[in-house]
Amino acid sequence: MRVRALLFLAITVLPLAKIVAVGEVDEAPYFGDWENDRGDTLQITSDGIKVNNEKPVRYDDITEDSDETFFVLQIKDSSDYFGGNFLRITFGKDPDHFSMSIYKTLPDTLKKENEVKRIEWSAPAAEEEETEQKEQPKEEQPRADQSPEKPTPSPSPSAL
């Protein structure tokens, strides 16, 4: 009888647990802050895509049959920056770098034809943050170009 009860629980509870897990929003690998070699910044969240200081635009992730190396996003608001409504984000071996190919139609996006433009994005370099912290001078240590002042010795009475 115990085996039947356990089997019943497994059949009814496990599918419910899977439904709950599917309802959770996982962080997509493209979420985060990015930059390109032209000085543009890109921020992608679950709510929108923001380029430089422009207003964020809404999008839908319409990716199907992906091996998690590429994603297809459909821009829902107008944006002069992209020049198309479909973004194909492709990751290589480095998770801190992706290529964004922009297309005007979904069929072009899926076939990778008639690309409007391609932009390479990278995660901001961690070295810059470390360098900024190192450049802050410490008050206890004199800078190399400033020698500490040494008092000049006063003549001793025996020298007179």
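**View 1. Strand β6 is a mostly covered stretch of this predicted model.** Let's start with residues 86–91, which make up strand β6. How many of the 6 residues in β6 are buried? The count is 5, so β6 is mostly covered, with buried meaning under 20% relative accessible area. As you look along the strand, keep a general point in mind: side chains in a regular strand alternate between the two faces of the sheet.

**View 2. Strand β5 lies beside β6 as a pairing partner.** Strand β5 covers residues 70–75. In which sense do β5 and β6 pair? They pair in the antiparallel sense, over 5 bridges. To find one such spot, look for Q74, whose bridge partner in β6 is F86.

**View 3. Strands β6 and β7 form a hairpin.** Between these two strands you will find 5 residues. Strand β7 takes in residues 97–103, and 6 bridges join β7 to β6. The two strands run antiparallel. A handy place to check this pairing is I89, which stands opposite M100 in β7.

**View 4. L106 sits in helix α2.** This helix spans residues 106–111. Is L106 buried or partly exposed? L106 counts as partly exposed because its relative accessibility is 30%, and the partly exposed range lies between 20% and 50%.

**View 5. L106 has contacts from other parts of the chain.** Leaving aside residues up to four places away in sequence, L106 touches I62, V72 and F86. You have already met F86 as the bridge partner of Q74. Now find L73, which is 33 residues from L106 along the chain. The C-alpha atoms of L106 and L73 are separated by 9.7 Å.

Notes. Residues numbered from 1 in each chain as written. Predicted model: local features only at pLDDT ≥ 70, side-chain atom pairs only at ≥ 80, totals over all residues. Heavy atoms only, no water. Helix = DSSP H or I, 4+ residues; strand = E, 2+ residues; numbered from the N terminus. Buried < 20%, exposed > 50% of the residue type's maximum accessible area, 1.4 Å probe, protein only. Contact = heavy atoms within 4.5 Å. Pairing = 2+ DSSP bridges.
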